[in-house]
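Let us walk through this structure by its charged side chains. Then we will turn to a patch on its surface.

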Amino acid sequence: MSSTTVRVEDNILFCSDSYKVAHHKQYPSGTTKVYSYFESRGGKFPSVVFYGLQYIIKRWLIGQVVTKEKIQAAKELYQAHFPPNQDIFNEEGWTYILEKHGGCLPIVIKAVPEGTVVPCKNVLFTVENTDPKCFWLTNYLETLFVQVWYPSTVATNSRAQKEVIAKYLIETADSVDGLPFKLHDFGYRGATCVEAAGIGGSAHLVNFKGTDTIAATLFARRYYGCPMAGYSIPAAEHSTITTWGKEGETKAFKNMLDQFPNGPVACVSDSYDIWNACEKVWGEDLHDEVVSREGILVVRPDSGDPPEVVCRVLRILGSKFKPTKNSKGYLVLPSYVRVLQGDGINYEMLGKILEAMKKAGWSADNVAFGSGGSLLQRLDRDTQKCAFKCSYAVVDGTGMNVFKEPITDVGKKSKKGRLSLELHNGEYVTVQEGAGNPEKDLLVTVFENGRLVHEYDFDEIRDRAQIDVLKK
């Protein structure tokens, strides 16, 4: 079979950086064990929500993943990819895995339970070979394993935003019951591909339940057994309003109310003049329809300076739909009118909007948010400085602690020896150099020799990731 007929999406031998193809030749003679770990070395947020490893295991590692055809495809590709007359590809090693292990990967992975919120600079999972002849396999798979950075970082960023919203709900609202739907995922179109949207979108759903990223719900169903992880409502886009023409905006808005006579419905209202839309169209022309309708009208501004726009929209709507003061003294629009700000939303902007609302006397209960590029795309591996490093090896029968400590960047110093993650006086601690207590180790074996041995469902992941102020 030609390498052109084996897609990279189907061949584990292609899921590595080029330079790793030659690494089997570079370890000391007599190496029989390579043990490596993954961590967040620091970054924007002080802790990380660990999420996404189960997807990688299910997608890439379970069962026979090495075949004769895949080995041949890799051989052909690497012969063309590397300089001629260099025996680089480890055909012998992959063939051994096929013949000795039936094409299953002889490695074991131990990981902290998914959804756990762990302070940076702690081990999150470890990988080691279980067959001494396959010592080279551990770090060949680094490229794939490090991609856990993405779902973990999205979940971390999303959770941090949940904490911001919760803070203002606690300060200005009578209830936090609506929190799961306060940050909606608008990121599908801004993702690099459908699979990325599914991965990142599901990571957001660890913390919230509102999404327009359909791929995220399918991802959570396939890899985490959740029948429906996220929900949405009927909503307008600019094309469904502007095709009525500028003079037909009122008819377009009324059509939304007529087409969806009950339940929540969101209508983008800044196509021409957001102030007029709120005051004249919603507040006068369609006032009675909004009041009598059985459901919530969600007015969506989509341009301008978010803190200024949200506060002004609330003020105008409040002049037409009489607000009340809650028990904490903050204004709340009638239950049938709310605002959705879906433009310019990120971790920093959320606090600015909510603080401006608070100073203006408005409860955070009046508004929900939508986030797209900032939620799923405006982050990278260095946001939380994620890395995968070897910390222990066995050479000529002797175990040795392995580490790096570059004088030019002490922040890249790696850990030494076998690692365990333990709770000491309620604080997570990574115990190094094999000194940990196995009975206290929080790392759980999740994969061994081709088998998923511990599976997590979405609900338990959500429970672990819950923000502290909401934990019972």
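**Charged pairs and a nonpolar patch**

Asp468 is exposed, because its relative accessible area of 55% is over the 50% cut-off. Keep in mind that this is a predicted model. Asp468 has a charged partner. Its side chain meets that of Lys471 in a salt bridge, at 3.9 Å from N to O. Lys471 has a relative accessible area of 43%, so Lys471 is partly exposed. The pair does not stand alone: salt bridges with shared partners join Arg159, Glu163, Asp468 and Lys471 into one network.

Why do such pairs form? Side chains of opposite charge can pair when their charged atoms come close. How many salt bridges does a search of the whole structure find? The search finds 22. Two others are worth a visit.

Start with helix α6, which covers residues 149-172. Both Lys167 and Glu171 lie in this helix. They are four residues apart, and that is about one turn of the helix. Lys167 and Glu171 form a salt bridge, with their closest N and O atoms 3.0 Å apart. Are these two side chains buried, exposed or in between? Lys167 has 40% relative accessibility, so Lys167 counts as partly exposed. Glu171 is at 29%, so Glu171 counts as partly exposed too.

Now look at a pair that links distant parts of the sequence. Asp365 and Lys182 meet through their side chains in a salt bridge, at 3.8 Å from N to O. Where do the partners sit? Asp365 lies in the loop between α14 (347-359) and β12 (367-371). Lys182 lies in the loop between α6 and β6 (183-185). The pair therefore ties together parts that are 183 residues apart in sequence. The two partners fall into separate classes of accessibility. Asp365 counts as partly exposed, because its relative accessibility is 27%. Lys182 is buried, because its relative accessible area is 8%, under the 20% cut-off.

Leave the charges and turn to nonpolar side chains. Which residues make the nonpolar surface patch of about 380 Å²? They are Tyr188, Val194, Ile214 and Leu218. Take Ile214 as one of them. Ile214 lies in helix α8, which spans residues 214-224. At 56% relative accessibility, Ile214 counts as exposed, because the cut-off for that class is over 50%.

Key. Residues are numbered from 1 along each chain as its sequence is written. This is a predicted model: local features need pLDDT of at least 70, side-chain atom pairs count only at pLDDT 80 or more; totals for chains, interfaces and linings use all residues. Side-chain values use heavy atoms; hydrogens and water are left out. A salt bridge is a side-chain nitrogen of Lys or Arg within 4 Å of a carboxyl oxygen of Asp or Glu. Helices (H or I, at least four residues) and strands (E, at least two) are DSSP runs, numbered from the N terminus. Buried means under 20% relative accessible area, exposed over 50%, partly exposed in between (1.4 Å probe, protein chains only). Patches are made of residues with over 30% relative accessible area and no salt bridge: like charges are joined within 9 Å, nonpolar side chains (Val, Leu, Ile, Met, Phe, Trp, Tyr) within 5 Å. Accessible areas come from the Shrake-Rupley method with a 1.4 Å probe; for residues, only the protein chains shown count as cover.
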